[in-house]
Amino acid sequence: MDRFDAMQAFARVVETGSFTKAAATLHMSKTSVTQLVQQLEARLRVRLLHRTTRKVNVTADGAAYYERVLRVLADVDDAETSLSGAAQSPRGRLRVDMPSPLARLIVVPALPGFHARYPEIQLDLGVSDRMVDIIGENVDCVVRGGRLTDESLMHRHIADLPLGVYAAPGYLALAGVPAHPRELQDTHQRIVGFHWARHGKPAAYAMRRGEESLEVRGRHALSVDDGNAYLAAGLAGLGVLWMPEYMARAARQSGELVPLFEDWQLEPMPLYLAFAPHRHVSAKLRVFIEWMVALMAVHAPVMRRSGG
(Lines give C-alpha, C1' and ligand atoms only; values in the text may rest on other atoms or scores of the structure.)
Protein backbone atom coordinates (compact mmCIF):
# COMPACT_ATOMS: atom_id res chain seq x y z
CA MET A 1 0.00 0.00 0.00
CA ASP A 2 1.27 3.45 -0.89
CA ARG A 3 0.44 5.41 2.26
CA PHE A 4 0.34 8.74 0.46
CA ASP A 5 -2.09 7.43 -2.17
CA ALA A 6 -4.19 5.89 0.60
CA MET A 7 -4.36 9.15 2.55
CA GLN A 8 -5.26 11.06 -0.63
CA ALA A 9 -8.00 8.55 -1.44
CA PHE A 10 -9.39 8.69 2.09
CA ALA A 11 -9.43 12.50 2.10
CA ARG A 12 -11.25 12.63 -1.23
CA VAL A 13 -13.89 10.12 -0.04
CA VAL A 14 -14.51 12.30 3.01
CA GLU A 15 -14.80 15.42 0.86
CA THR A 16 -17.11 13.92 -1.74
CA GLY A 17 -19.05 11.58 0.54
CA SER A 18 -18.76 8.84 -2.06
CA PHE A 19 -16.24 6.24 -3.20
CA THR A 20 -17.55 6.60 -6.75
CA LYS A 21 -17.11 10.39 -6.85
CA ALA A 22 -13.71 10.15 -5.16
CA ALA A 23 -12.56 7.63 -7.75
CA ALA A 24 -13.72 9.85 -10.60
CA THR A 25 -11.89 12.92 -9.31
CA LEU A 26 -8.71 10.92 -8.69
CA HIS A 27 -8.93 9.20 -12.10
CA MET A 28 -8.87 5.80 -10.41
CA SER A 29 -11.27 2.87 -10.30
CA LYS A 30 -13.75 2.63 -7.45
CA THR A 31 -12.22 -0.73 -6.53
CA SER A 32 -8.76 0.82 -6.18
CA VAL A 33 -10.04 3.61 -3.93
CA THR A 34 -12.00 1.14 -1.81
CA GLN A 35 -8.95 -1.10 -1.40
CA LEU A 36 -6.71 1.82 -0.45
CA VAL A 37 -9.10 2.96 2.27
CA GLN A 38 -9.56 -0.60 3.55
CA GLN A 39 -5.80 -1.10 3.71
CA LEU A 40 -5.45 2.21 5.54
CA GLU A 41 -8.06 1.15 8.11
CA ALA A 42 -6.33 -2.21 8.54
CA ARG A 43 -2.99 -0.53 9.12
CA LEU A 44 -4.45 1.93 11.64
CA ARG A 45 -6.73 -0.70 13.18
CA VAL A 46 -9.64 1.76 13.36
CA ARG A 47 -12.82 2.28 11.37
CA LEU A 48 -12.47 5.58 9.50
CA LEU A 49 -15.75 5.51 7.57
CA HIS A 50 -19.30 4.29 8.07
CA ARG A 51 -20.55 2.79 4.81
CA THR A 52 -24.19 2.31 3.81
CA THR A 53 -25.75 1.59 0.44
CA ARG A 54 -26.57 5.28 0.01
CA LYS A 55 -23.96 7.29 1.87
CA VAL A 56 -20.50 7.30 3.38
CA ASN A 57 -20.02 9.10 6.70
CA VAL A 58 -16.80 9.72 8.55
CA THR A 59 -16.41 8.28 12.06
CA ALA A 60 -15.11 10.28 15.03
CA ASP A 61 -11.68 8.67 14.59
CA GLY A 62 -11.90 9.28 10.87
CA ALA A 63 -12.68 12.98 11.35
CA ALA A 64 -9.68 13.44 13.62
CA TYR A 65 -7.45 11.55 11.20
CA TYR A 66 -8.80 13.56 8.25
CA GLU A 67 -7.63 16.83 9.82
CA ARG A 68 -4.13 15.39 10.23
CA VAL A 69 -4.13 14.00 6.71
CA LEU A 70 -4.93 17.42 5.29
CA ARG A 71 -1.88 18.86 7.02
CA VAL A 72 0.32 16.05 5.68
CA LEU A 73 -0.91 16.54 2.12
CA ALA A 74 -0.41 20.30 2.45
CA ASP A 75 3.14 19.80 3.75
CA VAL A 76 3.96 17.54 0.79
CA ASP A 77 2.63 20.12 -1.65
CA ASP A 78 4.60 22.90 0.07
CA ALA A 79 7.74 20.75 0.02
CA GLU A 80 7.44 20.16 -3.71
CA THR A 81 6.73 23.77 -4.59
CA SER A 82 9.57 25.03 -2.36
CA LEU A 83 12.19 23.24 -4.47
CA SER A 84 14.35 25.41 -6.69
CA GLY A 85 12.33 26.46 -9.72
CA ALA A 86 9.03 25.00 -8.50
CA ALA A 87 8.23 27.93 -6.25
CA GLN A 88 8.84 30.35 -9.11
CA SER A 89 7.00 28.14 -11.62
CA PRO A 90 3.87 26.51 -10.15
CA ARG A 91 2.73 23.55 -12.19
CA GLY A 92 -0.14 21.16 -12.63
CA ARG A 93 -3.79 21.08 -13.63
CA LEU A 94 -6.10 23.82 -12.36
CA ARG A 95 -9.86 23.49 -12.81
CA VAL A 96 -11.81 26.77 -12.75
CA ASP A 97 -15.45 27.60 -13.51
CA MET A 98 -16.76 31.09 -14.25
CA PRO A 99 -19.61 32.86 -16.11
CA SER A 100 -19.24 32.69 -19.88
CA PRO A 101 -19.35 36.48 -20.55
CA LEU A 102 -16.60 37.08 -17.99
CA ALA A 103 -14.49 34.36 -19.60
CA ARG A 104 -15.13 35.56 -23.15
CA LEU A 105 -14.72 39.30 -22.65
CA ILE A 106 -12.16 39.66 -19.84
CA VAL A 107 -10.39 36.49 -18.73
CA VAL A 108 -9.62 34.58 -21.94
CA PRO A 109 -8.18 37.65 -23.78
CA ALA A 110 -5.79 38.12 -20.81
CA LEU A 111 -4.73 34.45 -20.55
CA PRO A 112 -1.71 34.70 -22.88
CA GLY A 113 -0.07 36.83 -20.22
CA PHE A 114 -0.95 34.31 -17.50
CA HIS A 115 0.47 31.39 -19.48
CA ALA A 116 3.60 33.34 -20.37
CA ARG A 117 4.18 33.85 -16.65
CA TYR A 118 3.10 30.35 -15.54
CA PRO A 119 3.74 28.07 -18.54
CA GLU A 120 3.48 24.84 -16.52
CA ILE A 121 -0.07 25.41 -15.28
CA GLN A 122 -2.69 23.56 -17.31
CA LEU A 123 -5.93 25.54 -16.97
CA ASP A 124 -9.19 23.65 -17.51
CA LEU A 125 -11.81 26.39 -17.77
CA GLY A 126 -15.51 25.67 -17.42
CA VAL A 127 -17.83 28.48 -18.52
CA SER A 128 -21.33 28.43 -17.07
CA ASP A 129 -23.71 30.11 -14.66
CA ARG A 130 -24.82 26.81 -13.11
CA MET A 131 -24.20 25.80 -9.52
CA VAL A 132 -20.96 23.83 -9.41
CA ASP A 133 -20.26 21.21 -6.74
CA ILE A 134 -16.70 22.29 -6.02
CA ILE A 135 -15.77 19.19 -4.03
CA GLY A 136 -17.86 16.62 -5.87
CA GLU A 137 -16.66 17.80 -9.28
CA ASN A 138 -13.09 18.36 -8.08
CA VAL A 139 -13.08 22.02 -9.16
CA ASP A 140 -10.32 24.12 -7.63
CA CYS A 141 -12.30 27.37 -7.64
CA VAL A 142 -15.31 29.13 -9.11
CA VAL A 143 -15.88 32.79 -9.95
CA ARG A 144 -19.44 33.97 -9.37
CA GLY A 145 -21.37 37.24 -9.35
CA GLY A 146 -23.97 38.18 -6.73
CA ARG A 147 -24.11 37.27 -3.08
CA LEU A 148 -22.64 33.97 -1.97
CA THR A 149 -25.24 31.65 -0.49
CA ASP A 150 -22.90 28.82 0.55
CA GLU A 151 -21.21 30.27 3.62
CA SER A 152 -19.09 27.14 4.06
CA LEU A 153 -16.93 28.10 1.07
CA MET A 154 -13.75 30.07 1.43
CA HIS A 155 -13.91 33.12 -0.82
CA ARG A 156 -12.23 36.30 -1.97
CA HIS A 157 -14.13 39.41 -3.06
CA ILE A 158 -12.34 40.29 -6.30
CA ALA A 159 -14.49 42.95 -7.99
CA ASP A 160 -17.59 45.13 -7.90
CA LEU A 161 -19.22 45.15 -11.31
CA PRO A 162 -21.06 48.41 -12.19
CA LEU A 163 -24.53 47.68 -13.57
CA GLY A 164 -26.63 49.48 -16.15
CA VAL A 165 -30.05 49.15 -17.79
CA TYR A 166 -30.14 48.74 -21.57
CA ALA A 167 -32.45 47.96 -24.48
CA ALA A 168 -32.11 47.48 -28.21
CA PRO A 169 -33.31 50.32 -30.47
CA GLY A 170 -35.70 47.91 -32.20
CA TYR A 171 -37.36 47.05 -28.90
CA LEU A 172 -37.72 50.73 -27.94
CA ALA A 173 -39.20 51.58 -31.35
CA LEU A 174 -42.01 49.09 -30.68
CA ALA A 175 -42.52 49.49 -26.93
CA GLY A 176 -41.51 53.11 -26.46
CA VAL A 177 -38.81 54.48 -24.18
CA PRO A 178 -39.81 53.98 -20.52
CA ALA A 179 -39.59 57.20 -18.53
CA HIS A 180 -39.54 55.53 -15.10
CA PRO A 181 -38.31 52.08 -13.96
CA ARG A 182 -41.78 51.37 -12.56
CA GLU A 183 -43.11 51.18 -16.10
CA LEU A 184 -41.21 47.93 -16.57
CA GLN A 185 -43.64 46.15 -14.28
CA ASP A 186 -46.82 48.19 -14.62
CA THR A 187 -47.23 48.52 -18.41
CA HIS A 188 -46.70 46.65 -21.67
CA GLN A 189 -42.92 46.93 -21.25
CA ARG A 190 -40.95 43.68 -20.97
CA ILE A 191 -37.61 42.68 -19.52
CA VAL A 192 -35.40 39.71 -20.32
CA GLY A 193 -35.42 37.60 -17.16
CA PHE A 194 -32.31 36.01 -15.72
CA HIS A 195 -32.99 33.18 -13.29
CA TRP A 196 -30.13 32.33 -11.01
CA ALA A 197 -29.34 28.66 -10.56
CA ARG A 198 -29.35 28.97 -6.78
CA HIS A 199 -33.04 29.91 -6.54
CA GLY A 200 -34.39 29.31 -10.04
CA LYS A 201 -36.30 32.55 -10.56
CA PRO A 202 -35.61 36.00 -12.04
CA ALA A 203 -33.96 38.46 -9.69
CA ALA A 204 -35.29 41.82 -8.54
CA TYR A 205 -33.08 44.87 -9.13
CA ALA A 206 -32.70 47.66 -6.59
CA MET A 207 -32.59 51.19 -8.05
CA ARG A 208 -32.25 54.56 -6.37
CA ARG A 209 -32.56 58.21 -7.42
CA GLY A 210 -32.22 60.75 -4.64
CA GLU A 211 -34.75 59.86 -1.95
CA GLU A 212 -36.65 57.55 -4.27
CA SER A 213 -35.84 53.85 -4.25
CA LEU A 214 -37.56 50.75 -5.56
CA GLU A 215 -37.00 47.13 -6.51
CA VAL A 216 -37.92 46.26 -10.07
CA ARG A 217 -38.69 42.69 -11.01
CA GLY A 218 -40.46 43.38 -14.30
CA ARG A 219 -42.46 41.12 -16.55
CA HIS A 220 -40.76 38.89 -19.07
CA ALA A 221 -41.63 36.81 -22.11
CA LEU A 222 -38.27 35.04 -21.88
CA SER A 223 -36.03 34.09 -18.96
CA VAL A 224 -32.61 32.46 -19.36
CA ASP A 225 -29.86 31.15 -17.10
CA ASP A 226 -26.78 32.01 -19.17
CA GLY A 227 -25.11 35.39 -19.56
CA ASN A 228 -24.37 35.12 -23.28
CA ALA A 229 -27.95 34.04 -24.02
CA TYR A 230 -29.19 36.92 -21.87
CA LEU A 231 -27.23 39.46 -23.91
CA ALA A 232 -28.31 37.84 -27.18
CA ALA A 233 -31.96 38.08 -26.14
CA GLY A 234 -31.61 41.78 -25.44
CA LEU A 235 -29.90 42.41 -28.77
CA ALA A 236 -32.75 40.55 -30.47
CA GLY A 237 -35.22 43.04 -28.99
CA LEU A 238 -36.87 40.68 -26.52
CA GLY A 239 -36.81 43.11 -23.63
CA VAL A 240 -34.89 45.40 -21.29
CA LEU A 241 -31.63 44.19 -19.74
CA TRP A 242 -29.85 44.77 -16.43
CA MET A 243 -26.23 43.81 -16.86
CA PRO A 244 -22.64 44.62 -15.93
CA GLU A 245 -21.24 47.48 -17.95
CA TYR A 246 -18.41 45.36 -19.33
CA MET A 247 -20.97 43.08 -21.04
CA ALA A 248 -22.81 45.99 -22.66
CA ARG A 249 -19.82 48.13 -23.65
CA ALA A 250 -19.29 46.92 -27.22
CA ALA A 251 -23.01 46.85 -28.07
CA ARG A 252 -23.47 50.31 -26.58
CA GLN A 253 -20.58 51.71 -28.62
CA SER A 254 -21.97 50.18 -31.82
CA GLY A 255 -25.48 51.47 -31.11
CA GLU A 256 -26.96 47.98 -30.70
CA LEU A 257 -27.94 48.82 -27.12
CA VAL A 258 -29.21 52.09 -25.66
CA PRO A 259 -28.72 52.94 -21.95
CA LEU A 260 -31.85 53.70 -19.91
CA PHE A 261 -32.42 55.46 -16.58
CA GLU A 262 -28.94 56.97 -16.48
CA ASP A 263 -29.98 59.27 -13.63
CA TRP A 264 -30.71 56.22 -11.43
CA GLN A 265 -28.12 54.38 -9.36
CA LEU A 266 -27.83 50.61 -9.20
CA GLU A 267 -25.95 48.69 -6.54
CA PRO A 268 -22.88 47.11 -8.16
CA MET A 269 -22.71 43.32 -8.41
CA PRO A 270 -19.99 41.81 -6.20
CA LEU A 271 -17.79 39.21 -7.87
CA TYR A 272 -16.28 36.44 -5.76
CA LEU A 273 -13.71 33.72 -6.25
CA ALA A 274 -14.64 30.76 -4.05
CA PHE A 275 -12.92 27.48 -3.20
CA ALA A 276 -13.44 24.52 -0.92
CA PRO A 277 -12.89 24.91 2.83
CA HIS A 278 -10.29 22.81 4.66
CA ARG A 279 -8.37 22.34 1.44
CA HIS A 280 -4.78 23.43 1.15
CA VAL A 281 -4.43 26.37 -1.24
CA SER A 282 -1.87 25.07 -3.70
CA ALA A 283 0.75 27.26 -5.31
CA LYS A 284 -1.03 27.09 -8.67
CA LEU A 285 -4.36 28.16 -7.14
CA ARG A 286 -2.68 30.89 -5.13
CA VAL A 287 -1.08 32.50 -8.18
CA PHE A 288 -4.32 32.23 -10.16
CA ILE A 289 -6.25 34.00 -7.38
CA GLU A 290 -3.71 36.82 -7.26
CA TRP A 291 -3.75 37.09 -11.06
CA MET A 292 -7.57 37.34 -11.07
CA VAL A 293 -7.47 40.01 -8.35
CA ALA A 294 -5.01 42.08 -10.39
CA LEU A 295 -6.97 41.56 -13.62
CA MET A 296 -10.30 42.60 -12.10
CA ALA A 297 -8.70 45.61 -10.39
CA VAL A 298 -8.19 46.98 -13.91
CA HIS A 299 -11.75 46.28 -15.08
CA ALA A 300 -13.91 46.66 -11.93
CA PRO A 301 -12.00 47.22 -8.68
CA VAL A 302 -13.57 46.38 -5.34
CA MET A 303 -15.34 49.45 -3.97
CA ARG A 304 -14.15 50.61 -0.57
CA ARG A 305 -17.14 51.15 1.65
CA SER A 306 -17.09 53.39 4.69
CA GLY A 307 -17.05 51.49 7.94
CA GLY A 308 -16.08 48.24 6.12
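Buried means under 20% relative accessible area, exposed means over 50%, and partly exposed is in between, with a 1.4 Å probe and protein chains only. By that yardstick R252 is partly exposed, with a relative accessible area of 39%.

The model you are looking at is predicted: local features need pLDDT of at least 70, side-chain atom pairs count only at pLDDT 80 or more, and totals for chains, interfaces and linings use all residues. Residues are numbered from 1 along each chain as its sequence is written, and side-chain values use heavy atoms, with hydrogens and water left out.

**Salt bridges**

Let us begin with the charged side chains. A salt bridge here is a side-chain nitrogen of Lys or Arg within 4 Å of a carboxyl oxygen of Asp or Glu. A search of the whole structure finds nine of them, and the table shows some.

| Pair | Closest N and O atoms |
|---|---|
| R209 and E212 | 3.3 Å |
| R209 and D263 | 3.0 Å |
| R252 and E262 | 3.0 Å |

Helices (H or I, at least four residues) and strands (E, at least two) are DSSP runs, numbered from the N terminus. D263 sits in the loop between β13 (258-260) and β14 (265-266) while R209 belongs to strand β9 (residues 205-209), so their pair ties together parts that are 54 residues apart in sequence. E262 lies in the loop between β13 and β14 and R252 in helix α9, so this pair links parts ten residues apart in sequence. E262 counts as exposed at 59% relative accessibility. D263 is partly exposed at 48%, as are R209 at 30% and E212 at 26%.

R182, R209, E212 and D263 are joined into one network by salt bridges that share partners.

**Helix α9 and the three-stranded sheet**

Which residues of helix α9 are buried? In this helix (residues 245-254) they are Y246, M247, A248 and A251. These buried residues pack against α5 (100-117), β6 (154-161), β7 (163-167), α8 (227-235) and β12 (241-244), where contact means heavy atoms within 4.5 Å. Just after α9, G255 takes a positive phi of about 85 degrees.

Two strands pair if DSSP finds at least two bridges between them. An open sheet of three strands runs in the order β12-β7-β13, with antiparallel pairing. β12 and β13 stand at the edges with a single partner strand each, so one side of each is left without a neighbour in the sheet. Its neighbouring strands are turned by 50 degrees against each other on average, direction ignored. Axes are lines fitted to C-alpha atoms, for helices over the stretch in contact, and angles run from 0 to 180 degrees between N-to-C directions.

Four bridges hold the antiparallel pair β7 and β12; Y166 has L241 in β12 as its bridge partner. Helix α9 packs on this sheet, touching β7, β12 and β13, and its direction makes about 110 degrees with that of β12.

**The five-stranded sheet**

Another open sheet has five strands in the order β4-β3-β5-β15-β6, with mixed pairing. Its edge strands, β4 (121-127) and β6, each pair on one side only. The twist averages 20 degrees from one strand to the next.

β6 and strand β15 (residues 269-275) run antiparallel and are joined by seven bridges, and A159 stands opposite L271 in β15. Helix α10 (residues 283-299) lies across β3 (92-98), β4, β5 (141-145), β6 and β15, running at about 20 degrees to β6.
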